Amino acid sequence: MEVTNRSAQERFKQWLPYLSSATVTFLVLALLTGVLLGANFVPSLGAYDSTRQITYQTSFGWAVRGLHWWASSLTLVCSLAFTALAYWYGYFRGPAKWMWWTGLVMGLMLLGANVTGYYLPLDQNAYWRLMIEANLLADVPVLGAAVKYFLLNGSGVSDASIARIHWLHSVVMPLFTVLALFSHVYAARKAKLF
């Protein structure tokens with residue numbers, strides 16, 4: 001189905017305000033709660049204790065953690081729904097091609113933020129998931145071992161690896177997500193979608 005098909009464009013535009021508003025709202029909420037969590041989180045091997053302190057001793061820490069988890073998860077879900085609709089209506093070709101690519105980059109950054117955020121509490125689930133996924137990455141040809149070394153800062157989890165994952169989660173992923181979002185909105189305006 002071509003992008004120039006008016007009925008397809010109109011059907012996509014019908015969902016555009018809802019999905020885009022929900023995605024941006026959840027993203028802003030995730031960023032704000034992330035700033036609040038980052039003010040109290042200590043990225044080290046004691047991250048589990050830091051997470052427990054935020055949850056049980058900081059005022060409304062449990063609510064901020066819950067809001068952060070839900071907002072980041074719903075941002076990813078809305079972004080995936082938006083991407084699925086864009087694919088269904090053929091927005092990966094034609095004048096909206098740049099919008100498609102910036103949306104994919106934004107989705108990958110959101111996925112990366114969710115994955116790195118899962119490691120940060122450093123409970124048993126997060127620790128073993130990090131070890132298993134790092135070892136799986138090591139088997140990827142050419143760059144796998146280097147990515148594993150970068151992620152873990154060696155062969156095992158250390159203070160430096162948690163600090164690095166925290167940096168990826170709280171600086172790199174949000175920065176590139178927001179840049180991709182602005183590029184995405186610019187591409188949508190250029191394609192005359194709104």
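How are helix 3 and helix 4 oriented to each other, roughly parallel or roughly antiparallel? In this predicted model, helix 3 and helix 4 are roughly antiparallel to each other, because their packing angle of about 155 degrees falls in the range over 145 degrees that counts as such. The chain holds seven helices and zero strands, and the briefing below covers its overall form, two helix pairs, two nonpolar cores and two buried polar residues.

**Overall form**

- Read from the N terminus, the elements follow the order α-α-α-α-α-α-α.
- Along the principal axes, the C-alpha atoms of the chain occupy a box of roughly 55 × 45 × 25 Å.
- The chain has 194 residues, of which 39% count as buried.
- Among contacts in the chain with a separation of 6 or more, 66% join residues 24 or more positions apart.

**Helix 3 with helix 4**

- Helix 3 spans residues 61-88, and its axis lies 10 Å from that of helix 4 where the two pack.
- The crossing of this pair is left-handed.
- On the side of helix 3, the contact is formed by Ser72, Ser73, Thr75, Leu76, Ser79, Thr83, Ala86 and Tyr87.
- Helix 4 contributes Trp100, Leu104, Gly107, Leu110, Leu111 and Asn114 to the contact with helix 3.
- Classified by type, the residues of this contact comprise seven nonpolar, seven polar and no charged.

**Helix 4 with helix 7**

- Helix 4 (residues 97-119) also packs against helix 7 (residues 159-190), at an angle of about 160 degrees and with the axes 8 Å apart.
- That angle makes helix 4 roughly antiparallel to helix 7.
- Helix 4 passes helix 7 in a crossing that is left-handed.
- The contact of helix 4 with helix 7 involves 16 nonpolar and nine polar residues, with no charged residues.

**Nonpolar cores**

- The largest nonpolar core has 18 residues, and the members touching the most other members are Leu130, Leu152, Val157 and Ile165.
- At least two residues of this core come from each of helix 2 (47-56), helix 5 (124-138), helix 6 (144-152) and helix 7.
- The greatest share is that of helix 7, which gives four residues to this core.
- Beyond its neighbours within four places in sequence, Ile165 is in contact with Thr116, Tyr119, Leu120, Leu130 and Leu151.
- A second core, separate and made up of 15 residues, includes Phe82, Met99, Trp100 and Leu193.
- Trp100 of this second core is also one of the helix 4 residues in the contact with helix 3.

**Buried Ser44 and His68**

- Ser44 is located in the loop that connects helix 1 (6-38) and helix 2.
- Ser44 counts as buried because its relative accessible area is 18%, which is under the 20% limit.
- Apart from residues up to four places away in sequence, Ser44 touches Leu122, Asp159 and Ile162.
- Ser44 and Ala96 are 52 residues apart along the chain, and their C-alpha atoms are separated by 43 Å.
- His68 belongs to helix 3.
- The relative accessibility of His68 is 17%, so this residue is buried by the same limit of under 20%.
- With residues up to four places away in sequence left out, His68 touches Ala30, Thr33, Gly34, Leu37 and His169.

Definitions and conventions
Residues are numbered from 1 along each chain as its sequence is written. This is a predicted model: local features need pLDDT of at least 70, side-chain atom pairs count only at pLDDT 80 or more; totals for chains, interfaces and linings use all residues. Side-chain values use heavy atoms; hydrogens and water are left out. Axes are lines fitted to C-alpha atoms, for helices over the stretch in contact, and angles run from 0 to 180 degrees between N-to-C directions. Angles under 35 degrees count as roughly parallel, over 145 as roughly antiparallel, 65 to 115 as roughly perpendicular and the rest as oblique. A crossing is left-handed if the near helix is turned anticlockwise from the far one by less than a right angle, and right-handed if clockwise. Ala, Val, Leu, Ile, Met, Phe, Trp, Tyr, Cys and Pro count as nonpolar, Asp, Glu, Lys and Arg as charged, and the others, Gly among them, as polar. A nonpolar core is a set of buried Ala, Val, Leu, Ile, Met, Phe, Trp, Tyr and Cys residues joined through side-chain atoms within 4.5 Å. Buried means under 20% relative accessible area, exposed over 50%, partly exposed in between (1.4 Å probe, protein chains only). Contact means heavy atoms within 4.5 Å.
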